[in-house]
Amino acid sequence: MRESTDPIESVSLFFPVYRDENTVKIVADKVVELLDSLDCEYEAIVADGASPDSSGEIADKLAVDHEHVRLIHHETNRGYGAAVKSGLAAAKDVEAL
């Protein structure tokens with residue numbers, strides 16, 4: 001485990017989306033802005049839980065527009081817990097947020 005005084009070298013942050021077409025871009029942009037302000041490597045992972053709205057398509061565009069944004073698509077909605085597990089599994093960094 002990292003000591004609290006050690007600098008952070010890299011961060012993986014993920015968040016699930018389901019019926020979030022009105023907020024997914026806002027949240028992703030805020031996440032990228034926050035992580036850009038840190039002096040470390042990072043990735044932002046969006047876990048789309050087979051949302052019936054355009055959340056997944058919006059997240060796809062975000063991944064194209066932001067080099068640090070990655071996307072996970074679930075074929076079917078498996079619930080919040082599955083999205084969390086997918087996000088943690090996809091995180092490159094041990095200290096995932």
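1. Ala 50 sits in the loop that joins S2 to H2, and in this predicted model its phi is near 55°, a positive value in a residue other than glycine. Most residues other than glycine have a negative phi. A reader checking the backbone of this loop may want to note that Ala 50 is partly exposed, with a relative accessible area of 22%; residues count as buried under 20%, so the value of 22% for Ala 50 falls in the partly exposed class.

2. A positive phi is also found at Arg 19, which has a value of about 55° although it is not a glycine. Arg 19 belongs to the loop between S1 and H1, and with a relative accessible area of 55% Arg 19 is exposed, the cut-off for that class being over 50%.

3. The loop between strand S2 (41-48) and helix H2 (55-65) also holds Ser 51, which is buried, its relative accessible area being 12%. The side chain of Ser 51 makes a polar contact with the side chain of Asp 53, at 2.6 Å. With neighbours within four places in sequence left aside, the residues in contact with Ser 51 are Val 17, Tyr 18, Arg 19 and Asp 20, and Arg 19, as noted above, lies in the loop between S1 and H1.

4. Is Pro 52, in the loop between S2 and H2, buried or exposed? Pro 52 is exposed, with a relative accessible area of 55%, and, once its neighbours within four places in sequence are set aside, Pro 52 is in contact with Tyr 18 and Arg 19. A separation that can be checked directly in the coordinates is that between the C-alpha atoms of Pro 52 and Cys 40, which are 12 residues apart along the chain and 35 Å apart in space.

5. Strand S2 is mostly covered, since seven of its eight residues are buried. S2 runs parallel to S1, and eight bridges join the two strands; within this pairing, Val 17 stands opposite Asp 48 in S2. Between these strands the chain passes from S1 through H1 to S2, a β-α-β crossover that is right-handed.

6. S2 is paired with S3 as well, again in the parallel sense, over five bridges, and here Ile 45 stands opposite Arg 70 in S3. The connection leads from S2 through H2 to S3, and this β-α-β crossover, too, is right-handed.

7. Does the length of H1 agree or disagree with what its number of residues leads one to expect? At 1.5 Å a residue, the 13 residues of H1 should span 18 Å, and the C-alpha atoms at its ends are 18 Å apart, which agrees. Seen down the axis of H1, its buried residues fall within an arc of 95°, so they line one face of the helix. The buried residues in question are Val 24, Ala 28, Val 31, Val 32 and Leu 35, and they pack against S1, S2, H2 and S3. On the other side of H1, by contrast, Ile 26, Lys 30 and Glu 33 are exposed.

8. For H2, the buried residues are Ser 55, Gly 56, Ala 59 and Leu 62. Seen down the axis of H2, these residues fall within an arc of 115°, so they too line one face of their helix. The elements that cover them include strand S1 (10-17), helix H1 (24-36), S2 and strand S3 (69-73), while the face turned away from the buried side carries the exposed residues Glu 57, Lys 61 and Val 64.

9. One residue of that outer face deserves a separate entry. Glu 57 lies in helix H2 and, at 53% relative accessibility, counts as exposed, the class beginning over 50%. The C-alpha atoms of Glu 57 and Thr 23 are separated by 13 Å, although these residues are 34 residues apart along the chain.

How values were computed:
Residues are numbered from 1 along each chain as its sequence is written. This is a predicted model: local features need pLDDT of at least 70, side-chain atom pairs count only at pLDDT 80 or more; totals for chains, interfaces and linings use all residues. Side-chain values use heavy atoms; hydrogens and water are left out. Helices (H or I, at least four residues) and strands (E, at least two) are DSSP runs, numbered from the N terminus. Buried means under 20% relative accessible area, exposed over 50%, partly exposed in between (1.4 Å probe, protein chains only). A polar contact is a pair of N or O atoms within 3.5 Å; within protein, one must be able to donate a hydrogen and the other to accept it, and residues adjacent in sequence count only if both atoms are side-chain atoms. Contact means heavy atoms within 4.5 Å. The arc is that of the directions from the helix axis to the C-beta atoms. The expected span of a helix is 1.5 Å times one less than its number of residues. Two strands pair if DSSP finds at least two bridges between them. A crossover is right-handed if, with the strands pointing away from the viewer, the path from the first strand over the helix to the second runs clockwise.
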